[in-house]
Amino acid sequence: MNEFNVTFEPAKIEVLDREKFEEQINSIAQANSNRLVTVESMADDKKTRAELRKLSKSLNDEKIRIKKEYNQPLTEFEVWFKKAVEVLDKAISQIDSGIKDVEAEQKEARKNVVHELLVELTTDTEVDSRIFESFVDDWAKSSNFNDTKPKKQLIDSITYVIDGEKQKIAEYKANKDTISNFCFGNNVSDTPYIRMLDSGKSVSEVMSAISEDVLFEKQRKEAEEKRKEAERQRQAELEKQQQEFETRKLEASFNSAASVSTKIIQSEPEKTKSSPDEEIAEVSGTEIVQKYRAVIEICFSSLEEKNKWKQVMVDNGFGDFKAKEFGKI
């Protein structure tokens, strides 16, 4: 392409009677400088301000008109030039698009190489290669490759990051074991505390939380045991009071039976004659042990009183006695 040649004549702007114009402007400005505005002169001052603004605007409008006419050749040239080179811009854009497509394919190929490196370097480890996805775009830059072959600096960078993740996993397992063992020693579940570790808490924070919970549970159990012991003592006291009440009730019932009199029918055994009230048992050899029964006669004023007394005896554990009906006295 031949050289792009343009010829132009620099425009000349000449202000006629420049000195006279400057004198008029200075005269008007000086006449209105240091003007003292008062309440009495307010109306004239506003009128003067309006006239000065009108003059300033008319002068500025004239400057804009002159500038537009002065720039007219340049404006026409710029319109023509933009249209003339438009086809060149289209050609550049087409080539640029093709280059970008090829570069995208090359970068995708480099990303595949990076993924393969990650899988290779994490095989037989507990590291998941997918967690490094955010680094892949940076690792896949062309500066890290000789064509499609990764440079040593790239391999070293990926290895360094993977080793760091291995160390994190080892530290996590050690911290988890520490927490689990501490929980086992204190007979508590480690599940909630492992969750705390997973949420980002440090092992010292988790251990502190376990100690606080264990102490709280110990205090709670001690308080519960004290409460139960107090309840047992209270229950025992109630049972004792109930027994004393039943005893007093029995005594009162026994003493209140109307016309009660007791007679011991037989209190001495007959050595020569067997008695119905006598029980004999042979203990050893020819030694005979004699047992005696005492018969107590209780007289009641009515059958109702007798049955009431009998029920009291039964309720209080004297259910093996035998009552005999003697009839009315």
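The following paragraphs go through a predicted model of one chain, from its overall make-up to a helix pair, two nonpolar cores and a residue in the last helix.

The chain has 329 residues, and 13% of them count as buried. Its secondary structure consists of eight helices and four strands. Read from the N terminus, the order of these elements is α-α-α-α-β-β-α-α-α-β-β-α. When contacts between residues at least 6 apart in sequence are taken, 51% of them join residues at least 24 apart.

Helices α5 and α6 form a pair that can be described in some detail. Two packed helices are described by the angle between their axes and the distance between the axes. Helix α5 covers residues 152-185 and helix α6 covers residues 191-198. Their axes come within 10 Å and cross at roughly 155 degrees. Because this angle is over 145 degrees, α5 counts as roughly antiparallel to α6. The crossing of the two helices is right-handed.

The contact itself can be listed residue by residue. From α5 come Y172, N175, K176, I179, S180 and C183, and they meet Y193, I194, L197 and D198 of α6. By class, the residues of this contact are six nonpolar, two polar and two charged.

The next topic is the nonpolar cores. The largest one holds 14 residues, and those touching the most other members are V114, L118, F132, W139, L154 and I158. Three elements give two or more residues each to this core: α3 (86-122), α4 (133-139) and α5. V114 serves as an example from this core. With neighbours within four places in sequence left aside, V114 is in contact with V136, W139, A140, F145, L154 and I158. Of these partners, W139, L154 and I158 are also among the core residues that touch the most other members.

Apart from the largest core lies another, made of seven residues, among them I179, C183, I194 and L197. These four names are also found in the contact between the two helices described above, where I179 and C183 belong to α5, and I194 and L197 to α6. Helix α5 thus appears in both parts of this account: α5 gives two or more residues to the largest core, and its residues I179 and C183 are in the seven-residue core.

The last stop is D315. This residue is in helix α8, which spans residues 303-315. Is D315 buried or exposed? Its relative accessible area is 56%, so D315 counts as exposed, the cut-off being over 50%. D315 and L250 are 65 residues apart along the chain, and their C-alpha atoms are separated by 9.5 Å.

How values were computed
Residues are numbered from 1 along each chain as its sequence is written. This is a predicted model: local features need pLDDT of at least 70, side-chain atom pairs count only at pLDDT 80 or more; totals for chains, interfaces and linings use all residues. Side-chain values use heavy atoms; hydrogens and water are left out. Axes are lines fitted to C-alpha atoms, for helices over the stretch in contact, and angles run from 0 to 180 degrees between N-to-C directions. Angles under 35 degrees count as roughly parallel, over 145 as roughly antiparallel, 65 to 115 as roughly perpendicular and the rest as oblique. A crossing is left-handed if the near helix is turned anticlockwise from the far one by less than a right angle, and right-handed if clockwise. Contact means heavy atoms within 4.5 Å. Ala, Val, Leu, Ile, Met, Phe, Trp, Tyr, Cys and Pro count as nonpolar, Asp, Glu, Lys and Arg as charged, and the others, Gly among them, as polar. A nonpolar core is a set of buried Ala, Val, Leu, Ile, Met, Phe, Trp, Tyr and Cys residues joined through side-chain atoms within 4.5 Å. Buried means under 20% relative accessible area, exposed over 50%, partly exposed in between (1.4 Å probe, protein chains only).
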